Amino acid sequence: MSYDLVVRGGTIVTAADRVVGDVGVRGGRVVTLGDGLPRGDQEIDARGLQVLPGGVDVHTHLDIDLGEMRSVDDFEWGTAAAAVGGVTTICDYAWQHQGWTLARTVEEWKARAAGRAHIDYGFHVVVNDASEARLAEIPRLVAEGYPSFKVFMIKEFGISDDALLRVFRVARGAGAVVNVHAENSEMLDLAASDMIAARRWDPRHYAESRPALAEAEATRRAIDYAELTDAEIYVVHMSCRGAVEAVRSARQRGLRVWGETRPIYLGLTEARYEAGGLEAAKVVGAPPLRGPDDQAALWDGLRTGDIHAIGSDNCSWTVDQKAVGADDFRKVPYGVPGLETEMRVVYSEGVARGRISLETFVAAFATNPARIFGLYPRKGTIAVGSDADLVLFDPAKTERIDARRLHSRAGYDPFEGLEVTGIPVLTVARGEVVAREGQLLSRPGRGQHLLRERAR
Ligand SMILES: [Zn+2]
């Protein structure tokens, strides 16, 4: 058998096990796993390196348009950062604007990505209008390759509880999973209004405006709604102990509930807000950074399998854009860049420090999200027949995170200055080397639009 590419002598790691050997690639797919494969047209010496499935980040917001502000990482720059960071697949949120059908929403996002992406991408559809006409579109979208939707429980983007229940019911009937941003608006409003009355709106106080209890309450409520409607839900960006406990207890009751967390909750705490002003504004997002006890619960949830996936929630703003809210957290656009640094940060803080196993890392960054969102086994593992999406980690290599060397156009990184151990040194996407040692070797437009199908 002849190969386009052989990745030779690395430690091949999946969510289940690891073995030293060669990966033979032809036509963009893995065709042989074994030992002593014949020479390929291209050879990569992976001795001493770990060969992992490329990252599958199912939580990104590229090219977000808030009207007065547009995020700086579009599909070209965001996926460039992803490729260099070891992420080979994303699912981005196609955001329904006022007056758009869900079908138009998908078309708008397809147009934003077309010809620009470096890696493969799919879309979840954000439902902001749950009228009967829009809900009626859900089964067709599922059949067309978009079997996941998102709802917000917060007022800024949210829908009523009544609408939430109807989305859950229709999604359940169509075999879709619903991604939920869970925070209780009334509880947030109460906390924020007390702070506004006391003129405490410097970003240093931001965490106090979004109490963990508001997240835990909404998570429990979403789970109860899912139980009532027999829906399958995926709780995005969990940041606190109460949310993890809610998911754990739901799963113990046999409910189909999945949980996700973000690298910034695993690697940073609310102490980062103490600097105040712009430094605090740079890490403003929703939910906020939490305390050490919440962080410990997240690592524990990864270990026990109650947190299934890690998503960056990448939404990039420049320092100037963040500075709009430097003295008032209500004006800060939410979000941080994360696609390029997420795998190395969680590897370093998690695997290198012994908090999670390498297999758990692979499960959370690749296998589980691919399974939940209908990409497996094409994506999310290293197996014969799977796409040859690989990231090679050098477990011994160290570096200091330096935004000047990153590809995001944000110009800063929340982990700036962090010393990390374990670096993705080479990324292969569908058999092509798209990044090596921090250099992007890809071209815009090589990424393909992924249509997904979930097992029912
Ligand atoms: Zn998000």
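These legends accompany several close-up views of one predicted model. Local features are drawn from residues with pLDDT of at least 70 and side-chain atom pairs only at pLDDT 80 or more, while totals for chains, interfaces and linings use all residues. Residues are numbered from 1 along each chain as its sequence is written, and side-chain values use heavy atoms, with hydrogens and water left out.

**View 1. The zinc ion and its protein donors.**
Let us start at the metal, where His59 (NE2), His61 (NE2) and Asp313 (OD) serve as protein donors, 2.0 to 2.2 Å from the zinc ion. Donors here are N, O and S atoms within 2.8 Å of the metal (3.2 Å for Na, K and Ca); water is not among the atoms, so sites may look incomplete. Along the chain, the donors follow the spacing H-x1-H-x251-D. His59 sits in strand 6 (residues 55–60) and Asp313 in the loop between strand 13 (309–310) and helix 12 (319–323), so this pair ties together parts that are 254 residues apart in sequence. Helices (H or I, at least four residues) and strands (E, at least two) are DSSP runs, numbered from the N terminus. His59 is buried, at a relative accessible area of 0%, and Asp313 is buried as well, at 8%. Buried means under 20% relative accessible area, exposed over 50%, and partly exposed in between (1.4 Å probe, protein chains only).

**View 2. His237 and the residues around it.**
His237 belongs to strand 11 and is buried, with a relative accessible area of 2%. Not counting residues up to four places away in sequence, His237 touches His59 and Asp313, and also His181, Glu215, Glu260, Thr261, Arg262, Tyr265, Ala286 and Pro287. Contact means heavy atoms within 4.5 Å.

**View 3. The open parallel sheet.**
Here eight strands form an open sheet in the order 6-7-8-9-10-11-12-13, with parallel pairing. Strand 6 and strand 13 stand at the edges with a single partner strand each, so one side of each has no neighbour in the sheet. Two strands count as paired if DSSP finds at least two bridges between them. Strand 6 pairs with strand 7 (residues 87–95) in the parallel sense over four bridges, and Gly55 stands opposite Val87. Strand 11 and strand 12 also run parallel, joined by four bridges, with Val235 opposite Gly259. Four of the five residues of strand 12 are buried.

**View 4. Helix 7 across the sheet.**
Helix 7 (residues 212–229) lies across strand 10 (177–181), strand 11 (232–238) and strand 12 (257–261), and runs at about 170 degrees to strand 11. Axes are lines fitted to C-alpha atoms, for helices over the stretch in contact, and angles run from 0 to 180 degrees between N-to-C directions.

**View 5. The largest nonpolar core and Ile233.**
The largest nonpolar core has 145 residues, and Phe168, Ile233, Phe361 and Leu392 touch the most other members. Helix 14 (residues 358–372) supplies the largest share of this core, eight residues. Such a core is a set of buried Ala, Val, Leu, Ile, Met, Phe, Trp, Tyr and Cys residues joined through side-chain atoms within 4.5 Å. Leaving aside neighbours within four places in sequence, the contacts of Ile233 include Phe168, Val177, Val180, Ala222, Ala226 and Trp258.

**View 6. The buried side chain of Arg454.**
Arg454 is placed in the segment after strand 17 (439–440) and is buried, with a relative accessible area of 12%. The Arg454 side chain reaches the backbone oxygen of Ile372 at 2.8 Å, and one of its polar atoms lies 3.1 Å from the backbone oxygen of Gly175. A polar contact is a pair of N or O atoms within 3.5 Å; within protein, one must be able to donate a hydrogen and the other to accept it, and residues adjacent in sequence count only if both atoms are side-chain atoms.

**View 7. Antiparallel partners of strand 14.**
Strand 5 (residues 50–53) and strand 14 (residues 390–400) run antiparallel, joined by four bridges, with Val51 and Leu392 as bridge partners. Strand 14 also pairs with strand 15 (residues 419–429), in the antiparallel sense over eight bridges; there, Glu399 is partnered by Val420.
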